[in-house]
Every structure is written in structure tokens, then in C-alpha cells.
Amino acid sequence: MGTKKENFVTINLGDIESVAAAIRDGITTVELMAEYLDVDLVEDCLVLPGARWVCTEADAPSDEETYPASMDAEEAAQEYVSTVTWGDGSEPVDVCVRVGLQAITEEGEVTSVAEQHVEVHIEAEEPHCVHEDGHGWKADPALDGHVDEVCGHCGRGRDMDRHSEVTRYYSAAEVEDKRIPD
Ligand SMILES: [Zn+2]
């Protein structure tokens, strides 16, 4: 007698790797699993209920991160960009995030399907001021219109585009360059 271990296979539906392994081992197929779970195949792949989002930068698809299904695609993309530093923060950046759903191919490989692009806008960070109370922004009419306000403490400038509501910050040297000559 004795127990034949290979007769008892547990597939953990909450663990995509477990399901993918069972498909790779020929224990089940994406079609059988889809029928069992009463779901449609997406791009010939099996998307498990509660599948995680897979996010990557659209232009650099190497850094993949996954996020829970409790988020929507926008939230997953926001979360993805919040984990990475984009540029030096002095200028606003638009990051294009590719968001897909984790799925299993017919061969039992984990992939992502139903990919969409989500544009995430990141505001420029306000640079620190030398003054302990922070910046003292004041309008300065002597500037050429690209800078709205100048800080009376550190000389930095800032400009808010009223149309796009994007704020840009300028160094004191850049502000001086934009000063209209007398
Ligand atoms: Zn300042």
C-alpha cells in the first residue's frame, strides 16, 4: 500500500504560481481551469479571480511590480510611480505606466494581459527654503512673465500655469536670467 504522493495534488487558487505550476506539470489546463472557475480566457490566458495588477513603465518594461485587485488600474499606476524617483523633482513629469492583469498562458507561464496605458502626472516638488518659516512668495513685476513669484528669502521663483495647473520652480540663478533688463 503506502501513500502515493503524486495522486494528491493541491492547487491553491489564491496563488497564481501554484496554478501555473499545475498547468506546467500537465495536471490541468487553462481551459479546464477557466471552465471550473466559470471565467472567460483573456488573450488565450487564464485570469484568476482577484488577479493582481502588473505595472511597469511603458518605455522600460523591466521593472515590474504587482498590486492587489482591491485597487483600480489608476490607483495601481499611481502606487507604482510613487515608489520610484522620476527626475530631480524640479519639473513636473508625466509617466506612462503600462497596467495589465496577471494571467497564466497555456504553457503555464505567468504573464500579463489586457494591458492599458495610464498616464500619471507628478507635480514638481517645492524646493526647500533657507528660511526656517519656508518661502515668502511675492509677485515680481520685473520678471519676464515666465516666473510669477519670487521668494524674498532664497530668491527662488515659481510659476503656476493656470491652464494646466502645473507649478514649476526656478533656481535663484534662473530667476535672475529672466529678469527684464532696465
Ligand atoms: Zn525661499
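**A two-domain chain and its antiparallel sheet**

In this predicted model, strand S7, which comprises residues 157-161, runs antiparallel to S8 and is joined to that strand by five bridges. Within this pairing, Gly157 stands opposite Tyr170 of S8, and Asp159 faces Arg168 of the same strand S8. The two strands form a hairpin with four residues between them, and in the turn Glu165 adopts a positive phi of about 60°. The hairpin belongs to an open sheet of four strands, in which the order is S5-S6-S7-S8 and the pairing is antiparallel. Strand S5 (137-139) and strand S8 (166-170) occupy the edges of this sheet, and because each has a single partner strand, one side of each is left without a neighbour in the sheet. From one strand to the next, the twist averages 30°. In general, strands of a sheet pair through backbone hydrogen bonds, in either a parallel or an antiparallel manner.

At the level of the whole protein chain, four helices and eight strands are found, and these follow one another along the sequence in the pattern α-α-β-β-α-β-β-β-β-β-β-α. The domain assignment divides the protein chain into domain 1, covering residues 6-122, and domain 2, covering residues 137-177. The C-alpha centres of domain 1 and domain 2 are 43 Å apart. The overall dimensions of the protein chain were also computed: along its principal axes, the C-alpha trace spans about 100 × 30 × 25 Å. The radius of gyration of the protein chain is 26 Å, whereas a compact globule of 182 residues would have a value near 16 Å. Of the 182 residues in the protein chain, 22% are buried. Among contacts in the protein chain with a separation of 6 or more, 45% are accounted for by residues 24 or more positions apart.

The distribution of buried nonpolar residues was examined next. The largest nonpolar core contains 25 residues, and within this core Cys55, Ala77 and Ile104 have the most contacts. Two or more residues are given to this core by each of helix H1 (16-24), strand S1 (53-57), helix H3 (73-82) and strand S3 (93-104). The surroundings of Ala77 can be described in further detail: when residues up to four places away in sequence are not counted, Ala77 touches Cys55, Val97, Val99, Val118 and Val120. Apart from the largest core lies another core, of seven residues, which includes Leu143, Val150, Cys151 and Tyr170. Tyr170 in S8 is also the residue that Gly157 stands opposite. As a general tendency, nonpolar side chains in soluble globular proteins are buried together.

Several individual positions were then considered, beginning with helix H1 and the loop that follows. Arg24 lies in helix H1 and is classed as partly exposed because 13 other C-beta atoms are found within 10 Å. Arg24 and His146 are separated by 122 residues in sequence, and the distance between them, C-alpha to C-alpha, is 60 Å. Ile27 is located in the loop between H1 and helix H2 (30-37), and since 14 other C-beta atoms lie within 10 Å, Ile27 is likewise partly exposed. Although Ile27 and Val9 are 18 residues apart in sequence, their C-alpha atoms are 8.3 Å apart in space. With residues up to four places away in sequence not counted, the residues touched by Ile27 are Val9 and Ala22.

The loop between H2 and S1 holds Asp38, and Glu43 has its place in this loop as well. Neither residue is a glycine, yet Asp38 has a positive phi of about 60°, and Glu43 has a positive phi of about 50°. As regards their surroundings, Asp38 counts as exposed because 7 C-beta neighbours lie inside 10 Å, whereas Glu43, with 14 other C-beta atoms within 10 Å, is therefore partly exposed.

How values were computed: Residues numbered from 1 in each chain as written. Predicted model: local features only at pLDDT ≥ 70, side-chain atom pairs only at ≥ 80, totals over all residues. Pairing = 2+ DSSP bridges. Axes fitted to C-alpha atoms, helices over the stretch in contact; angles between N-to-C directions. Domains from an automatic or database assignment. Core = buried A, V, L, I, M, F, W, Y, C linked by C-beta atoms within 7 Å. Buried ≥ 20, exposed ≤ 12 C-beta atoms within 10 Å, placed from the backbone. Contact = placed C-beta atoms within 7 Å. Rg over C-alpha atoms; globule rule 2.2 N^0.38 Å.
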